[in-house]
Amino acid sequence: MASFSIEDFVGDGVLKELIPKLLEEGWDDVPTLKIMNPEDMDAINMTQHQKDALEIRTYLHDRALMQYGDKLEASRKSLPELLNLSTEDLSSQFGMRRGHIARFTDRNNKCTDPLPKSYGLPARKLTVTPSRSNIIYKMQTIRKSFCRSSTNNDRSLEESLADFKIKDGYIFKGIVAAGPAEPRACGCIQPPPVVDNVAPYSAIENISVQRLTPEYKIGMERLVKTKTPPMKASELWRDKPAVLLCIRRPGCIMCRAEAHQLYAKKPIFDALGIQMFAVLHEHIESEIKDFWPRYWGGVVVFDRTTGFFKALGGGKLLKDKFLSGFVFNPRAIANYKRAKSMGIEQNFKGEGEIKGGLFIVGPGGTGIAYQFIERNFGDWAPVAEVVEICARLKNQQQDEGDSSRSPQEHK
């Protein structure tokens with residue numbers, strides 16, 4: 001699976017010299033860089049070679065083929081030209097393996113879900129300085145493009161979300177969701193029960209957490225050098241709503257796949273004003289270094305009392321054994337195969353029986369807007385539901401802001 005490190009993304013090619021400019025203009029993480037459009041490229045005076053390199057690397061990143069980035073870029077061919085090469089040419093000129101050639105030439109098969117076409121963004125060219133203004137302006141225009149339908153978009157936001165639901169096979173359940181409870185070992189083993197009610201806000205607001213990493217940006221130190229003091233979890237969403245992905249084990253192949261898929265949608269969450277946190281119940285520094293920013297570029301926090309994980313289980317940890325929860329569970333095996341097909345590495349360090357999930361929490365003390373429970377090992381919160389709930393929070397904040405304005409301000 002392709003890394004979310006900018007340095008890994010640009011490699012040793014022509015984009016490397018652009019890193020200072022990208023940082024200055026706010027293109028400082030991989031998901032945001034991948035949505036750069038031609039007008040954005042012209043705004044920072046990218047050469048045609050650099051434009052071609054970005055297109056090639058974005059295509060390779062979606063297919064977990066970044067190991068060929070430097071060679072393909074050095075050929076000075078455009079992506080369409082490379083896609084028209086024969087199998088023999090790709091193998092002889094670039095050393096591409098046959099299985100990788102099949103993945104490369106299949107234009108529809110991606111290891112990560114792409115951003116829907118309806119999320120196309122307008123040009124964000126701005127002539128004023130300083131660069132901080134450019135970043136603020138860029139985020140404002142991104143938010144506008146995500147929160148409103150545009151006549152220039154191929155499809156509306158609602159249609160795109162519907163496509164997500166159809167493809168993922170999920171039916172929207174509401175604010176508490178979980179994967180289906182499929183029979184195990186011909187019905188001889190019953191799956192563990194899950195709660196049907198959202199956790200009370202009081203169950204999570206005072207959880208003691210510790211920041212282990214910052215949000216990843218270009219050139220950032222790999223980990224926080226000075227350990228941050230513990231704080232109440234409510235400080236995380238004091239000012240802005242937050243998505244909290246509770247990771248069962250950062251070395252788990254299925255957990256890494258879920259984190260990678262969710263963080264790949266970072267431009268959407270940025271546009272909606274949503275923060276992204278990964279929550280761990282163990283602090284193993286080597287595991288954090290392997291996990292961040294390769295599979296997750298957002299903030300990583302340590303749940304010092306497993307409070308979030310207990311909240312997902314209705315007050316107690318939701319656990320499952322390897323034999324009953326994985327070997328005899330066809331759903332979990334299917335989840336494993338899905339992650340394996342994405343080319344993700346794994347290890348078996350740490351505790352792996354505690355189930356994870358996901359919370360979406362509103363700003364301040366407004367409460368839990370959504371929670372997803374990992375019933376089967378490797379169940380993912382459906383992206384459509386997560387984005388839909390976040391969009392509702394955004395619209396609710398806008399409505400409350402509009403209602404609080406005076407009549408003169410509306411004019």
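**Exercise 1. Arg76 and Ala64: find the odd backbone angles and say whether each residue is buried or exposed.**

Solution. Start with Arg76: its relative accessible area is 57%, so Arg76 is exposed. The cut-offs here are under 20% relative accessible area for buried, over 50% for exposed and partly exposed in between, with a 1.4 Å probe and protein chains only. Keep in mind that this is a predicted model, where local features need pLDDT of at least 70, side-chain atom pairs count only at pLDDT 80 or more, and totals for chains, interfaces and linings use all residues. Residues are numbered from 1 along each chain as its sequence is written, and side-chain values use heavy atoms, with hydrogens and water left out.

Next, the backbone. Phi of Arg76 is positive, near 60°, though the residue is not a glycine. Arg76 sits in the loop between α6 and α7 (79-83). Helices are DSSP runs of H or I with at least four residues, strands are runs of E with at least two, and both are numbered from the N terminus.

Now Ala64. Here phi is near 55°, again positive in a residue other than glycine. Ala64 lies in the loop between α5 and α6 (69-74), and at 13% relative accessibility it counts as buried.

For context, most residues other than glycine have a negative phi, and most peptide bonds are trans. That second point has its own exception: the bond from Trp292 to Pro293 is cis, with omega near 0°. Look for Pro293 in the loop between α14 (285-291) and β6 (299-303).

**Exercise 2. Check the length of helix α5, then place Thr58 in it.**

Solution. Take the length first. Helix α5 covers residues 48-62, which is 15 residues. The expected span is 1.5 Å times one less than the number of residues, so α5 should span 21 Å, and its end C-alpha atoms are indeed 21 Å apart.

Then look at cover: 13 of the 15 residues of α5 are buried. Thr58 lies in this helix and is buried too, with a relative accessible area of 17%. Setting aside neighbours within four places in sequence, Thr58 is in contact (heavy atoms within 4.5 Å) with Phe9 and Lys34.

**Exercise 3. Which parts of the chain does each of three salt bridges link?**

Solution. Fix the rule: a salt bridge is a side-chain nitrogen of Lys or Arg within 4 Å of a carboxyl oxygen of Asp or Glu. By this rule the count is 20.

- Asp29 and Lys217 form one, with the closest N and O atoms 3.6 Å apart. Asp29 is in the loop between α2 (19-25) and α3 (30-33) and Lys217 in the loop between β2 (208-213) and β3 (231-232), so the bridge ties together parts 188 residues apart in sequence. Asp29 is buried, at 1% relative accessible area.
- Asp320 and Arg184 pair at 2.9 Å, N to O. Asp320 belongs to the loop between α15 (307-312) and α16 (322-327), and Arg184 to the loop between β1 (176-178) and β2, so this pair joins parts 136 residues apart in sequence. Both residues are buried.
- Lys321 and Glu353 meet at 3.5 Å, N to O. Lys321 is in the loop between α15 and α16, while Glu353 is in the loop between α17 (330-340) and β7 (357-361), 32 residues apart. Glu353 is partly exposed, with a relative accessible area of 24%.

One last step: shared partners join Asp28, Asp29, Glu215, Lys217, Lys266 and Asp270 into one salt-bridge network.

**Exercise 4. Which helix gives the most to the lining of the largest cavity?**

Solution. On a 1 Å grid over the protein atoms alone, a cavity is a set of points where a 1.4 Å probe fits but cannot get out, and lining residues have an atom within 4 Å of a point. The structure holds five cavities of 30 Å³ or more, and the largest has a volume of about 70 Å³. Volume here is the space filled by probe spheres set on the points, which are joined across faces, edges and corners.

Among the lining residues are Cys246, Arg248, Met254, Glu258, Phe372 and Asp379. β4 (242-247) and α12 (253-263) each supply at least two residues. The helix asked for is α12, with three.

Terms used: On a 1 Å grid over the protein atoms alone, a cavity is a set of points where a 1.4 Å probe fits but cannot get out, and a pocket is an open set with protein on both sides within 12 Å along at least five of seven lines; lining residues have an atom within 4 Å of a point.
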